[in-house]
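Reader: Could you zoom in on one part of this for me, the packing, and go through it slowly? I'd like to know what is tucked away and what it sits against.

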Amino acid sequence: MGEIVRVENLSFRYPEAAKFAVRDFELTIKGGEIVMLAGPSGCGKSTLLRTVNGLIPHMYTGEYLGSVSVGDHKVSEARMSELAQTVGLLFQNPENQIFMFSVERDIAFGLENLAVPPDEIRARVDEAMRQLGITDLAQRAPHELSDGQKQRVALAGVIVMRPRLIILDEPTSLLDPKTAVELVELVRRLRDETGITFLIVEHRLELLVRIADRLVVMSEGKKVLDGRPEEILADERAEAYGISIPPVSRLRNQLKRDGLPLENGFGPDELAEELNRQALKR
Amino acid sequence: MYWVAGGFIFRRVGSPFHSLDPRVKLLISAELFVVSLTAYSVTQLAVVMGVMLCIAAVAKILKRVGRTLVFSAGFSVFIFVINLFARQSLLTSAIYSVRFLAIIISTSLFFITTSPDELEQVMKSAHLPRDVVFAFTTAVRFIPVLMLDAIQIVDAQKSRGLEVEKGNLIKRVRKMVPVLIPLVVNSVIRSGELAEAMESRAYGAVPRPTSLNRYSSSKRDKLVAAGSLILFIITVYIYVRFPTPL
Ligand SMILES: Nc1ncnc2c1ncn2[C@@H]1O[C@H](COP(=O)(O)OP(=O)(O)O)[C@@H](O)[C@H]1O
Ligand SMILES: [Mg+2]
């Protein structure tokens, strides 16, 4: 698949702000990739996401340099309603993106806004609910849902628009560990089944590194690292940029520094297996 | 606190009255409102009250109507006392205060049995602007959220030593400040995020959005509407034709 996102030499400064929140940013994402974006809080991740889905510059004014293209659209020139059918953005708090009083009405919200005929809305809403396994919640009110369920509903409201790219901003920050793992599995499944591209901001690296094709690290508005997750986790600089390397990767890095010829991997099982193999060889 | 919050949260109940077309419920409620407002004798008020309580029983909402009445009781007593001073008549004052309660019941019959979705539909069919309808539905949607916010903030401040229940009225009001400020800040953040989410989901893309559900009134709705209209006309006729003394 071709390229779906192209960020070129992008800088953005909020009005009144002294510093640029995003600076000289370059990024391309291929169709079907799962790209993970990490960096310390306040480094400009959410701002970058806004420039990709069009909230910047359509809703936020400020100093905007460079260009962003998504699919066939140049973000600064396309209308928000066109972008909404290409990029879906899932915000951190699902509570604040559910507007309607019942789950199915809320999922229908975007399509209603585009004046899609009711029969087609019905079919697409049903399909989205099936994909996310929330069909039995159709008539629930938002206050009758758990956090994990709210998130699925919010995600269904995005998927129903049939976007080519879905952006998730710290999607697991309000979830318990088990629900967070389920969300990660869901993302992998959706990518495999539908070919949707994902751009995900996540602090807990160990959750996503297994499914991510790429890990991009940001620091003070700039892109500082970009590569395969196992490479980045083995990169000595990562920690200096405020990335918390998962313990197993830290151990692996230490063993390598101590002279053990290890390959790059993630999990404790893989590491144990490699160590066993090496021990047998000796 | 939870008890008060509960009064504002709509609950889906299955009853013959709930399942009526919301516009029919609005019609019945409006008719009862007029009949309550213009009732001027004990008999008339008794009959209207009786009819409304029957409807409430059919709709299985007697408890919630009762709760509404408890809330309005203070105001009803107030009306009674004022009238007692002004008119010096026990009976007239009683009628005025009961009439007030009747009006409250007539409107709450509609609001208790109508989901926000249905309200939205009624507003749309009245051709209100999209923004107005949307502002209304989100307000209703976020009532439980804000209530919960408030409860959590009160709990948090209590655990830091704020004693909400102590002191005279002025002191208590002053103690609400550490609760109100975080509540307002929360709501401002919330509304900013809401605006972003709306924008990201194509809000306002076309002047005439469609709707997932198409509502149509059934034969039963039409029968009930016609029946209630006939009863309404007969009642008004009786009011005018046979003016009973107080
Ligand atoms: N709406 C806004 N108006 C002004 N400044 C903002 C706004 N949102 C974020 N910022 C600033 O931009 C910088 C980057 O913020 P953000 O993109 O939210 O970072 P992150 O998502 O990585 O935590 C921060 O310094 C923040 O204070
Ligand atoms: Mg952020």
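Author: Sure. One cut-off first: a residue is called buried when its relative accessible area is under 20%, and exposed when that value is over 50%. Also keep in mind that this is a predicted model.

Let's try that cut-off on a residue with an odd backbone. Glu170(A) has a positive phi, near 45°, and is not a glycine. Where does Glu170(A) sit? You'll find Glu170(A) in the loop that runs from strand E7 (165-169) to helix H7 (177-194) of chain A. With a relative accessible area of 14%, Glu170(A) is buried. Chain B has a similar case to look at: Ala202(B), again not a glycine, takes a positive phi of about 65°. Ala202(B) is in the loop between helix H9 (177-200) and helix H10 (219-241) of chain B, and its relative accessible area of 2% makes it buried.

Back in chain A, move along to helix H7, where you'll meet Arg191(A). Is Arg191(A) buried or exposed? Its relative accessibility is 17%, so Arg191(A) counts as buried. Leaving out residues up to four places away in sequence, Arg191(A) touches Gly32(A), Glu33(A), Ile34(A), Ile196(A), Phe198(A) and Asp213(A).

Phe198(A) from that list is a good way into the nonpolar packing. The largest nonpolar core holds 58 residues, and Ile107(A), Leu155(A) and Phe198(A) are the ones with the most contacts inside it. Domain 1 (1-86 + 165-242) and domain 2 (93-162) of chain A both contribute residues to this core, so it lies between them. With the same sequence cut-off, the neighbours of Phe198(A) include Val35(A), Leu165(A), Ile166(A), Leu168(A), Val187(A) and Leu190(A), along with Arg191(A) itself. There is also a second, separate core of 45 residues, and among its members are Val22(A), Val52(A), Phe99(A) and Tyr203(B). As general background, nonpolar side chains in soluble globular proteins tend to be buried together.

Val52(A) takes us to helix H1 of chain A, where Val52(A) is one of the buried residues. How enclosed is helix H1 (residues 45-53) of chain A? Since 8 of its 9 residues are buried, the rest of the structure largely encloses it. The buried set includes polar names too, among them Lys45(A), Thr47(A), Arg50(A) and Asn53(A). Right after H1(A) comes Gly54(A), with a positive phi near 100°. A little further on, Ile56(A) and Pro57(A) are joined by a cis peptide bond with omega at about 10°, and Pro57(A) belongs to helix H2 (residues 55-58) of chain A.

Now follow Arg50(A) across to the other chain. Arg50(A) makes a salt bridge with Glu196(B), and their closest N and O atoms are 2.7 Å apart. In total, 5 salt bridges turn up across the interface of chain B and chain A, and 15 residue pairs there are in polar contact. Which helices of chain B build its side of the contact? Helix H6 (116-125), helix H7 (130-159) and H9 of chain B each give at least two residues, with H9(B) taking the largest share at 9 residues.

For the overall contact, chain A puts in 40 residues and chain B 36. Together the chains bury about 3500 Å², with carbon and sulfur atoms giving 55% of it. On the chain B side, Arg141(B), Arg201(B) and Leu212(B) supply 25% of the area buried against chain A, more than any other three residues.

H6(B) deserves its own look, with 8 of its 10 residues buried. Pro116(B), Leu119(B), Val122(B) and Met123(B) are among them, and so are Asp117(B), Glu118(B) and Glu120(B). What do the buried residues of H6(B) pack against? From chain A there is helix H4 (103-113), and from chain B there are helix H2 (22-37), helix H5 (90-113) and H7. Just past H6(B), His127(B) has a positive phi of about 60°.

To place all that, chain B has 10 helices and 0 strands. Its C-alpha trace spans about 60 × 55 × 30 Å along the principal axes, and 41% of its 246 residues are buried. Of the contacts in chain B between residues at least 6 apart in sequence, 77% link residues at least 24 apart.

Conventions:
Residues numbered from 1 in each chain as written. Chains lettered and ligands numbered in written order. Predicted model: local features only at pLDDT ≥ 70, side-chain atom pairs only at ≥ 80, totals over all residues. Heavy atoms only, no water. Buried < 20%, exposed > 50% of the residue type's maximum accessible area, 1.4 Å probe, protein only. Helix = DSSP H or I, 4+ residues; strand = E, 2+ residues; numbered from the N terminus. Core = buried A, V, L, I, M, F, W, Y, C linked by side-chain atoms within 4.5 Å. Domains from an automatic or database assignment. Contact = heavy atoms within 4.5 Å. Buried area = accessible area lost by both parts, 1.4 Å probe. Salt bridge = Lys/Arg side-chain N within 4 Å of Asp/Glu carboxyl O. Polar contact = N/O pair within 3.5 Å; in protein donor to acceptor, adjacent residues only side chain to side chain.
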